[in-house]
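Subject: Structure handover and findings

Hello,

Here is the structure for you to load. Please have it open as you read the notes.

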Amino acid sequence: MSRFLEERYQKLTPYTPGEQPKVKDLIKLNTNESPYPPGPKTLAAVTDPDLAAGLRRYNDPEAGRLRDLLAARYGVSRENVYVSNGSDDILNFSFQAFGGDGVLFPAISYGFYQVFADLHQRDYVKVPLRADLTIDPRDYMDKGRLVVLANPNAPTGRTLSLPEIEEILRHNEDHVVLIDEAYVDFGGASSVPLTKEYPNLLVTMTFSKSRSLAGARLGFAIGDRGLIQDLERLKYATNPYNVNSLTQAAGAAALAEEDYYQANCRRIMKTRERTAAALKEMGFQVVPSQANFLFVRTDRMAGGDLYQALRDRKILVRHFDQEEIRDYNRITIGTDQEMDALIQAVGEILAGKEA
Ligand code: PMP
């Protein structure tokens, strides 16, 4: 850190992304990416020579084609869709734009919420979860702040129902309710239809998980026209070209092969249920998940020890050094083969410990 950095940024604790190690033969189950490659149309789109030649030009700042395709896919209009360089960017803007009266989010949720609250010096309240790691919707009603909820929540995988979300919306007429649906394609119910009725609802989604494009960085938000205009306002005050042309093309192509990605989601959900059953059989508590990961703990071993033992066997999962969830590990659902290797390794680790 240099002495030139403004003091408030010196004090900021940035987000720690999951590791992206380049170790060979590693089974990487730590950052909730898809285990399956982008589909053939997506691959063809990003390797198109015309697209490459066109890189000398600026990309479409409005991302018109991509937004039209998203609008058609989600049954809204172009003016209800905002696209960005990953959905993290939308979260950032939302804390900046809508967090003036403070922010409310669960104590156990996506770690970036806390970072954005700090970055924008928002007064925030972190609400504890119930003992079963579910969110109590009543905690988010009439609190006079921006509400930010991941649904499904991360790292738990637990969901709120649409009637519960609607109740939260009704009790926050004067504040934005942001529903972060990064993991909605793995069995959750989307709040998008509610955006037509509730002008205070902003739903964010991403191509990073269900559509195998984490490295392309493409997120989007759906909401009332006014909210989308607010995000555009910040974008045109920051970086009008926030989604590059390769990514716009990749996103458009991905939407043209939704069947491929939906089939992958179904596969991942099947693998998730099989993995959950196997871990339960080994005595694990497995939190019911509607996401592409499982959040698990066992009395037989400390969370950090299991993380390390798996790492020693070249299997990388995510352990959070946060008091309430220190016993847990979050395991991304990989291919069936990868999960077989995980299950076998866990079995051997536990057997070795008790030998
Ligand atoms: N929300 C949640 C809950 C997430 O877990 C993630 C992924 N780390 C994101 C948003 C951000 O995803 P991206 O920026 O890749 O769209």
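Below is what turned up, starting with the ligand site.

The model is predicted. Please keep that in mind throughout.

**Ligand site**

The ligand occupies the largest pocket. Eleven names are worth selecting in your viewer: Gly86, Ser87, Asp88, Tyr110, Asp180, Ala182, Tyr183, Thr206, Ser208, Lys209 and Arg217 are the residues around the ligand. Three polar contacts come with distances. A polar backbone atom of Ser87 is 2.7 Å from a ligand oxygen. For Thr206, an N or O atom of the side chain is 2.6 Å from an oxygen atom of the ligand. For Arg217, a polar side-chain atom lies 2.8 Å from a ligand oxygen. Taken alone, the ligand exposes 400 Å², and the protein buries 91% of that.

**Asn292 and Asn32**

Asn292 sits in the loop between strand E9 (285-286) and E10. Is Asn292 buried or exposed? Asn292 is buried, because its relative accessible area is 1% and the cut-off is under 20%. Its side chain reaches the backbone oxygen of Asn32 at 3.0 Å. Leaving aside residues up to four places away in sequence, Asn292 touches Asn32, Glu33, Tyr183, Phe186, Lys209, Ile268, Ile331, Thr332 and Ile333. Two of these names, Tyr183 and Lys209, are also among the residues around the ligand.

Asn32 lies in the loop between E1 and H2. Asn32 is buried too, with a relative accessible area of 1%. Its phi is near 55°, a positive value in a residue other than glycine.

**Val296**

Val296 belongs to strand E10 (residues 293-297). At a relative accessible area of 2%, Val296 is buried. Not counting residues up to four places away in sequence, Val296 has contacts with Leu279, Phe284, Gln285, Val286, Asp327, Tyr328, Asn329 and Ile331. Ile331 also appears in the contact list of Asn292. The C-alpha atoms of Val296 and Ala276 are 8.8 Å apart, with their positions 20 residues apart along the chain.

**Helix H9**

How many of the 11 residues of helix H9 (residues 245-255) are buried? The count is 10, so H9 is largely enclosed by the rest of the structure. The buried residues are Ser245, Thr247, Gln248, Ala249, Ala250, Gly251, Ala252, Ala253, Ala254 and Leu255. They pack against four helices: H2 (40-46), H3 (49-53), H4 (64-74) and H10 (258-281). Asn244 caps the N-terminal end of H9. There, a side-chain oxygen of Asn244 lies 2.9 Å from the backbone nitrogen of Leu246.

**Backbone points to check**

Most peptide bonds are trans, and most residues other than glycine have a negative phi. The following entries depart from that.

- The peptide bond from Asn151 to Pro152 is cis, with omega near 0°.
- The peptide bond from Ala154 to Pro155 is cis as well, with omega near 5°.
- Pro152 lies in the loop between strand E5 (146-150) and helix H7 (162-170), and Pro155 lies in the loop between E5 and H7.
- Asp25 has a positive phi of about 65° although it is not a glycine. Its place is the loop between helix H1 (7-10) and strand E1 (27-28).
- Asp25 counts as exposed, at 61% relative accessibility, whereas Asn32 is buried.

Best wishes

Methods: Residues are numbered from 1 along each chain as its sequence is written. This is a predicted model: local features need pLDDT of at least 70, side-chain atom pairs count only at pLDDT 80 or more; totals for chains, interfaces and linings use all residues. Side-chain values use heavy atoms; hydrogens and water are left out. Helices (H or I, at least four residues) and strands (E, at least two) are DSSP runs, numbered from the N terminus. Buried means under 20% relative accessible area, exposed over 50%, partly exposed in between (1.4 Å probe, protein chains only). Contact means heavy atoms within 4.5 Å. A residue is near a molecule or strand if one of its heavy atoms lies within 4 Å of it. A polar contact is a pair of N or O atoms within 3.5 Å; within protein, one must be able to donate a hydrogen and the other to accept it, and residues adjacent in sequence count only if both atoms are side-chain atoms. Accessible areas come from the Shrake-Rupley method with a 1.4 Å probe; for residues, only the protein chains shown count as cover. On a 1 Å grid over the protein atoms alone, a cavity is a set of points where a 1.4 Å probe fits but cannot get out, and a pocket is an open set with protein on both sides within 12 Å along at least five of seven lines; lining residues have an atom within 4 Å of a point. A molecule sits in a cavity or pocket if more than half of its atoms lie within 2 Å of its grid points.
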